[in-house]
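Reader: I have a new structure open. Can you walk me through its pockets and surface?

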Amino acid sequence: MDLRHLTLLRELADRGTLTAVATATFRSPSAVSQQLHNAERAFGTALVESDGRGLRLTAAGRLLAEGAGEVATALSRLQRELDELQGGPTGTVTIAGLPSALEFLVPGLLARLAGSGVEVRLTDEDVAESDFPGRAADHDLVIGHTLAEVPAGADRLVAHTLAHEPLDVAVPASHRLAGREAITAADLAGERWIGVPIGFPFDTVRIAVENRAGVALEVVQRIRDNRVVESLVAAGQGCALLPRFTTRSRADIVMRPLADVRSVRSVVALGRPDRLERAAVRVVLAALVESGRESADHRVT
């Protein structure tokens, strides 16, 4: 078996399209397509089939893509064991993470890594759960958030929970609900809502509120950046959902818990199994877990 063919199928499984694979690997789509045809000839079976305007892996393609991950993990494990024989872990670990999580995780992370020989390169971006596999293909670790038990689309990734953070309803200080100790879904019926893009975790709470209240919220904006959301709430443009620990206290916004709808996000670190076999990545992941635990304890107390 040609490892390059296995790697191609794994990339296609995680990235979804030939175009995405071509972009990530700095090749033309036609070159990737040709390599795929070569792989099918080598394996003697169809590896992809038409799916609307795109392609999807056949059963054989999925089998080989999963096997590619197992091969990569075994090779990474061997490399880690060799590195450990030669000394402590060193190197650079790349992390893509949502800004509101990096805000409370990174200071403690970098403090723990000081003098360790392990460096971190950060990219701040908030991505939908369906994009986790693609981001994990480009980075050693992806820090995201989810409201589900298992992040959607992360079945080929390893996930570690770093922290749990309640999501509160933010209303203008002059709002009719600002004096409540807690807010219910029925209280929000008919309110203007500043939401997040469809497919992002916070939007599942908006859907749950609508189902509970039996009335759709009026979504007036869909914004990713929590700081922009804060400013719009303060300006009276609507209510919103904001994370409790990382929303700055300000006089023109009131934060209240959502009483009858579960609204807690899990901040998770995800990675490909082979990436997590790297000694340096293991050091960073352990430091992230400690940083998350320390930050959550501090916020609660």
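Author: We will go through pockets, a cavity and a surface patch. This is a predicted model, where local features need pLDDT of at least 70, side-chain atom pairs count only at pLDDT 80 or more, and totals for chains, interfaces and linings use all residues. Residues are numbered from 1 along each chain as its sequence is written, and side-chain values use heavy atoms, with hydrogens and water left out.

Reader: How much space lies in the largest pocket?

Author: About 280 Å³. A pocket is an open set of points on a 1 Å grid over the protein atoms alone, with protein on both sides within 12 Å along at least five of seven lines. A volume is the space filled by probe spheres set on the points, which are joined across faces, edges and corners.

Reader: Which residues are closest to its centre?

Author: Pro99, Ser100, Arg224, Asp225 and Asn226, out of 16 that line the pocket. Lining residues have an atom within 4 Å of a point.

Reader: Which helix gives the largest share of that lining?

Author: H5, with three residues. Helix H5 spans 99–113, and helix H8 (226–234) also supplies at least two. Helices (H or I, at least four residues) and strands (E, at least two) are DSSP runs, numbered from the N terminus.

Reader: And the second largest pocket, what lines that?

Author: Its lining includes Leu12, Leu55, Arg62 and Asp155. Helix H1 (3–15), strand E2 (54–57) and helix H4 (59–86) each give two or more residues. The space is about 190 Å³.

Reader: Switching topic. How many cavities of 30 Å³ or more are there?

Author: One. A cavity is a set of points where a 1.4 Å probe fits but cannot get out. This one holds about 80 Å³. Trp193, Phe202, Asn226 and Leu241 are among the residues that line the cavity. Strand E7 (192–195), helix H7 (202–213), H8 and strand E9 (239–243) each give two or more.

Reader: What makes up the nonpolar patch on the surface?

Author: Leu3, Val71, Leu75 and Leu78, over about 350 Å². H4 gives the largest share, three residues. Patch residues have over 30% relative accessible area and no salt bridge, and nonpolar side chains are joined within 5 Å. A salt bridge is a side-chain nitrogen of Lys or Arg within 4 Å of a carboxyl oxygen of Asp or Glu. Areas come from the Shrake-Rupley method with a 1.4 Å probe.

Reader: Why does leucine 3 count as partly exposed?

Author: Because its relative accessibility is 42%. Buried means under 20%, exposed over 50%, and partly exposed is in between. Leucine 3 is in helix H1.

Notes. Patch = residues over 30% accessible without salt bridge, like charges linked within 9 Å, V, L, I, M, F, W, Y side chains within 5 Å. Buried < 20%, exposed > 50% of the residue type's maximum accessible area, 1.4 Å probe, protein only.
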